[in-house]
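Trainee: I've got a multi-chain model open and I'd like to learn how to read an interface. Can you walk me through it?

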Amino acid sequence: MRVIVTGVPGVGKSSVMEGVAKAQRLPIVNYGSVMFEQAKAAGLAASRDDMRKLPADVQREVQAEAGRRIGAMADAIIDTHCLIKTAEGYLPGIPMGVLSLIAPQVVVLVEAPPGEIHGRRAKDASRSRDDDSVASIEEHQQMNRAAAAAMGVISGATVKVVPNLDGGLEEAVRRFNEIFR
Amino acid sequence: MRVIVTGVPGVGKSSVMEGVAKAQRLPIVNYGSVMFEQAKAAGLAASRDDMRKLPADVQREVQAEAGRRIGAMADAIIDTHCLIKTAEGYLPGIPMGVLSLIAPQVVVLVEAPPGEIHGRRAKDASRSRDDDSVASIEEHQQMNRAAAAAMGVISGATVKVVPNLDGGLEEAVRRFNEIFR
Amino acid sequence: MRVIVTGVPGVGKSSVMEGVAKAQRLPIVNYGSVMFEQAKAAGLAASRDDMRKLPADVQREVQAEAGRRIGAMADAIIDTHCLIKTAEGYLPGIPMGVLSLIAPQVVVLVEAPPGEIHGRRAKDASRSRDDDSVASIEEHQQMNRAAAAAMGVISGATVKVVPNLDGGLEEAVRRFNEIFR
């Protein structure tokens with residue numbers, strides 16, 4: 001089963017994915033890393049920073065090739081984003097063309113109350129760049145839900161909402177695991 | 001006119017549809033029933049339970065064939081779902097491929113306040129399996145709105161929100177009937 | 001860069017677009033006007049009212065041809081709607097087929113608190129036809145967010161939310177301008 005996993009920065013997506021990957025003995029595949037490996041092997045980029053400097057059509061080809069590679073895997077927990085917050089607006093992590101290549105069975109939205117996410121980011125020095133207001137975290141999560149619903153309608157995948165509350169990691173992993181039966 | 005009608009369990013979708021079908025002299029077509037008749041005629045299933053045991057690609061072909069049959073009807077009120085709540089997450093009732101076969105002119109969302117839906121389910125013994133919390137009904141309706149908006153953008157259909165409040169069935173039918181002019 | 005700009009009536013979309021067009025020296029293209037010019041040149045319509053009387057398939061062809069013309073422009077700020085409120089429901093301003101012809105880089109959502117929009121409409125006699133309740137303005141904006149997220153996933157465009165608060169036009173223009181770098 002190919003499962004796309006998404007969530008705003010600070011929601012605890014990595015911890016939830018690791019719990020599920022261990023329980024299900026499934027590999028975690030980072031979509032951005034597959035893209036970078038792809039570009040590196042093709043001699044297009046030596047570092048992650050080089051990726052952003054590639055012409056848009058080359059970036060799109062790298063993105064599609066990564067989608068094809070992941071779509072060829074029978075089972076994977078795919079670490080990516082519904083919408084990435086940028087100055088240009090919310091950037092779709094998996095646009096329609098790539099979504100059809102990955103052909104996921106499930107799209108998971110890891111969520112938490114915006115106030116909790118804000119608190120987690122404040123405690124995490126590496127998240128300082130994501131230090132948004134509670135209202136903007138709420139907006140980001142609402143837009144992610146809409147994008148995930150569109151991804152479901154487009155691909156036929158189910159959309160699973162997994163709350164990851166403070167102190168509730170085990171419960172989040174349990175809820176996520178409901179999709180494997 | 002082909003009108004897709006959706007709403008969470010307990011929202012009163014059937015009563016609203018029946019009122020509209022009578023006023024407009026239009027047939028109500030249940031999407032799941034058309035799928036089952038399709039599978040039965042092809043010797044694939046003897047009961048509705050058999051349907052879920054069919055291989056995924058056979059299910060998809062049955063789903064598409066049902067979509068083709070409904071798309072060939074000039075006028076129909078199509079009883080289905082935006083998103084069906086399952087353990088694997090919200091399952092799209094009409095994914096993009098089928099949506100293009102049905103080519104609806106309108107997608108209707110029958111809605112009610114989550115607290116009222118919760119109350120209606122509590123009074124209806126047959127709905128015990130849908131006995132969700134008010135918060136989860138709210139989430140389901142929000143996700144349905146997002147899925148319906150995506151269905152509109154994909155197909156070009158309009159998306160009509162029809163509130164069906166306690167004691168307000170006539171008003172709901174009146175609002176729904178606004179689409180026929 | 002082709003930027004689709006959307007917002008409910010009374011949100012101040014025109015003022016924001018004019019500020020941005022001046023700062024960026026970009027043309028504002030009204031999608032409905034391009035459609036009308038198209039129909040007029042083809043001898044299909046003499047006035048805007050004639051447009052609505054055209055057969056649906058002719059309207060669709062005019063819509064597509066307008067999309068092709070706008071998609072051929074290197075740079076444009078495109079004045080249109082995510083969802084237009086009609087008696088038949090929310091009508092997608094740029095359905096998927098046209099979206100792929102325009103191939104925008106950004107979809108902008110100009111938003112304001114529903115109460116402020118209600119107040120602006122009340123002061124503007126030409127908006128009397130859009131005199132909705134605060135709750136229905138809130139619903140319209142929520143549906144627009146969902147439609148915009150779907151447009152992003154379908155096209156790969158970013159979705160930029162630009163708040164245009166009472167007395168905050170300059171700040172709205174500044175936020176919009178962040179997409180040009």
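Mentor: Sure. Keep in mind that this is a predicted model. Let's start with one pair: A:Arg145 makes a salt bridge with B:Glu139, and their closest N and O atoms are 3.6 Å apart.

Trainee: How many salt bridges are there between chain B and chain A?

Mentor: The count is one. Polar contacts between chain B and chain A come to five residue pairs. On the side of chain B that touches chain A, H7(B) gives the largest share, eight residues. By type, that side divides into 13 nonpolar, three polar and two charged residues.

Trainee: And how do I put a size on it?

Mentor: People often quote the accessible area lost when the parts come together. Here chain B and chain A bury about 1,600 Å² between them, with 66% of it on carbon and sulfur atoms. In chain B, the residues losing the most area to chain A are B:Ala87, B:Glu88 and B:Met143, together 34% of what that side buries.

Trainee: Is B:Ala146 buried or exposed?

Mentor: B:Ala146 counts as buried because its relative accessibility is 6%, under the 20% cut-off. B:Ala146 sits in helix H7 of chain B, residues 134-155. Its contacts include A:Arg145, A:Ala146 and C:Ala146.

Trainee: How do I read the relation between copies?

Mentor: Two copies of a chain are related by a rotation about an axis and a shift along it. In this model, a turn of 120° and a shift of 0.0 Å along the axis lay chain C on chain A with an RMSD of 0.0 Å. So these two copies are related as by a three-fold rotation axis.

Conventions: Residues are numbered from 1 along each chain as its sequence is written. Chains are lettered from A and ligands numbered from 1 in the order in which they are written. This is a predicted model: local features need pLDDT of at least 70, side-chain atom pairs count only at pLDDT 80 or more; totals for chains, interfaces and linings use all residues. Side-chain values use heavy atoms; hydrogens and water are left out. Helices (H or I, at least four residues) and strands (E, at least two) are DSSP runs, numbered from the N terminus. Buried means under 20% relative accessible area, exposed over 50%, partly exposed in between (1.4 Å probe, protein chains only). Contact means heavy atoms within 4.5 Å. Copies are superposed by least squares on the C-alpha atoms of residues with pLDDT of at least 70 in both. Buried area is the accessible area (1.4 Å probe) that two parts lose on being put together, summed over both. A salt bridge is a side-chain nitrogen of Lys or Arg within 4 Å of a carboxyl oxygen of Asp or Glu. A polar contact is a pair of N or O atoms within 3.5 Å; within protein, one must be able to donate a hydrogen and the other to accept it, and residues adjacent in sequence count only if both atoms are side-chain atoms. Ala, Val, Leu, Ile, Met, Phe, Trp, Tyr, Cys and Pro count as nonpolar, Asp, Glu, Lys and Arg as charged, and the others, Gly among them, as polar. Lists of a residue's contacts leave out its neighbours within four places in sequence.
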